[in-house]
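Here is my note on the model you passed on, set out as numbered points. Please keep the structure open while reading.

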Amino acid sequence: GSILAGERVGLLAGAFLALSFNHVLLSHFSKHWVIVIFLMTLVLYLALLWPVGRRGDAVIGFLCGLSFGASLLGFFSWLYYLGVFIFKNRSEGSRMLLNKQLRLSLAIGAAVSLFFVIAHWHYFLWLFKKAGGAYITAGEPKSLGEYLSSFGYMISVFVHQEPLLFALAVAGMLTLAFRQQYVALGGVCMVVVSYISYLYWFVHFESRYISFLLPLTALMAGYGLEQVVAYCRSYGKWMAWSAVALVLCVPVVVVARLDYLLMQPDTRLEAKRWLEEHEKDALVVLSSGTSGVHLVSNRIALTLQKQYGGLSLREELRLEKLQSEQDSSGVFSVNVRGWREDKQKRGVLKAFIEKYGHEVKHVYYVVNYWTSNTLSDLDRAMIQNGMLIKKFDNGVGYVHLIHDFPDPVTILFRMRSLGTTVEIYELSTVLI
């Protein structure tokens, strides 16, 4: 920002990126999101900072390759670099495509990317097979109407998650147009349109995917706020400072509330703790939707569950360890998500009750859902015949902050905690 339009723009853009709701939300995961945002921001910064030359372009090519290695969507680091490259070399016209430095950076980036493809070939092989259909949508029917609506979807996500950032970014882009800085405006539009087009034609849409547009959006927002400050300055410095404070206090309050929620126990963690405290003389049944409630089963439960072929690889390894060490730790629990058919699940539960029903005083059935229409027929049958004894929820119902965000960001102030709804029912053994 300071390179493009002054130090204040750079400081404001950095503040917007640091206080972005989406950025902070994704930061608490031990995953690739934030590192890719960092690499994209670094590519954009170095592309603007360094003059066109061999050293700079070689380093940027390497960083673009690293970004791809962290995430497939990190490929779009190239958009940031190419946008700046075109802006700097716009006087050369089509000849810029023959630039040696550009070809060098492309070659280095391709080599680094190829290294990650070879190192993780099994992932890429899986990704482009039928199993990757949830991620790769290139083979699905497409239409112009759906393509245009995809831009509306991304705009709606920004409006819900980052309303102030989005409004100021639009103001910054309008300022570029008003000042006839069409090359810079065209570079911004090229990045945005290319990114959304790629998501539509080849991948899919999730609200968190706006994260890779955050560096550019923050830059435009900083530029837009600078214009507001310049206008307010004509009424005095106090007016300009008041405008900055008023604008920045909104994301500060939102992020402070989000940080508070992140520090609270997740509903699934609360349920896990309750079950561990009440597991004595009890059989705990985890329904097919309770993958977020991670109980550690004991040797007896895992041994019986293995007879019906319902162990995951992690449970297989734990059972081997427990048997070799004669360890009896863990909860007497069965996880029925290992079987697809309700008939199989009922058979497993019946076998557990017949073998160990006389040894337990309670049978707890645990369901976990974002929305109740995802419950299976078995879950509904058990709920109908059981008695609800404990419920953990976030206070507002269905809110999945990562994959979907249908409500404005202000819903954070009505939430008690993060997580799904977890319900614990006590069953009569004769009803299994």
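**Notes on helix 10 and the nonpolar cores**

1. In helix 10, the buried residues (under 20% relative accessible area with a 1.4 Å probe, protein chains only; exposed is over 50%, partly exposed in between) are Leu165, Leu168, Ala169, Gly172, Thr175 and Leu176. Because they cover an arc of only 115° around the axis, taken from the directions from the helix axis to the C-beta atoms, they lie on the same side of helix 10. This is a predicted model, in which local features need pLDDT of at least 70 and side-chain atom pairs count only at pLDDT 80 or more, while totals for chains, interfaces and linings use all residues. Residues are numbered from 1 along each chain as its sequence is written, and side-chain values use heavy atoms, with hydrogens and water left out.

2. The cover over the buried residues of helix 10 includes helix 2 (7–18), helix 11 (182–202), helix 12 (214–233) and helix 13 (237–263), contact meaning heavy atoms within 4.5 Å. Helices are DSSP runs of H or I, at least four residues, numbered from the N terminus. Turned away from the buried side, the opposite face of helix 10 carries the exposed Leu174 and Phe178.

3. The largest nonpolar core (buried Ala, Val, Leu, Ile, Met, Phe, Trp, Tyr and Cys residues joined through side-chain atoms within 4.5 Å) has 62 residues, of which Phe16, Leu73, Tyr81, Tyr195 and Phe212 touch the most other members. Helix 4 (residues 33–49) gives the most to this core, with 10 residues. Apart from it lies another core of 20 residues, including Ala301, Tyr369, Leu375 and Leu378.

Key:
Helix = DSSP H or I, 4+ residues; strand = E, 2+ residues; numbered from the N terminus.
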